Every structure is written in structure tokens, then in C-alpha cells.
Amino acid sequence: MPRLALYALAVCVLAIAAAVVSFARGSLLGIVWILIAGISSNMAWYYLRKARADRATTHEGEGATG
């Protein structure tokens, strides 16, 4: 798993935890944490797909020259 995807996933998990704590305390600031979790999860998916596409391109290039 790419390092940036892991960082984005960690941010997502921490943002969800912060949202839960925020809502439990009765604060509406949890809405902001939910939005941050959504953005970071999209970033994690992007970096995972990008790594898979790069790997597939690398393997195609090796097969064509070999």
C-alpha cells in the first residue's frame, strides 16, 4: 500500500474519531470533521488507484520489451 494512501487513511480514521467525540459532546463542529474524513478517504482511494495503474503500466512495458 502506498505511503500517501496510508497517511490519508490514518487522517480519515482520526477525523471520524474526532467527529464522534465532537457529536458526543453536543458540538456541531463534527460536521467539519465528517467533511475532512470524506476528503481524506477520497485521497486514499485516489492514491491506491494511481499505484495500481502505475504498476499495471510498468508490467505492460516489461512484457512488450521482453
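These are my notebook entries on what I looked up in this structure.

**Ground rules.** I am working with a predicted model, where local features need pLDDT of at least 70, side-chain atom pairs count only at pLDDT 80 or more, and totals for chains, interfaces and linings use all residues. Residues are numbered from 1 along each chain as its sequence is written, and side-chain values use heavy atoms, with hydrogens and water left out.

**Entry 1: the whole chain.** I found two helices and zero strands in the chain (DSSP runs numbered from the N terminus, H or I of at least four residues for helices, E of at least two for strands). I then looked up the spread of the C-alpha trace, which spans about 60 × 15 × 10 Å along its principal axes. The radius of gyration of the chain is 17 Å, while a compact globule of 66 residues would have one near 11 Å (taken over C-alpha atoms; the globule rule is 2.2 Å times the number of residues to the power 0.38). I also noted that 18% of the 66 residues count as buried (buried is under 20% relative accessible area, exposed over 50%, partly exposed in between, with a 1.4 Å probe and protein chains only).

**Entry 2: helix α1.** Helix α1 covers residues 3–24, which makes 22 residues. From first C-alpha to last it reaches 32 Å, close to the 32 Å expected at 1.5 Å a residue (the expected span is 1.5 Å times one less than the number of residues). Which residues of α1 are buried? I listed Ala5, Ala8, Cys12, Ala15, Ala19 and Ser22. They sit on the same side of α1 because they cover an arc of only 110° around the axis (the arc of the directions from the helix axis to the C-beta atoms). My textbook reminder: an α-helix has 3.6 residues a turn, so residues three or four places apart point the same way. On the other side of α1, I found Arg3, Val13, Leu14, Val20 and Ala24 exposed.

**Entry 3: just after α1.** Here I came to glycine 26, which takes a positive phi of about 85°.

**Entry 4: helix α2.** I looked up two residues of helix α2, leucine 35 and isoleucine 36. Leucine 35 is exposed, with a relative accessible area of 57%, whereas isoleucine 36 counts as partly exposed at 33%. I also checked leucine 35 against serine 22: they are 13 residues apart in sequence and 13 Å apart in space, C-alpha to C-alpha.
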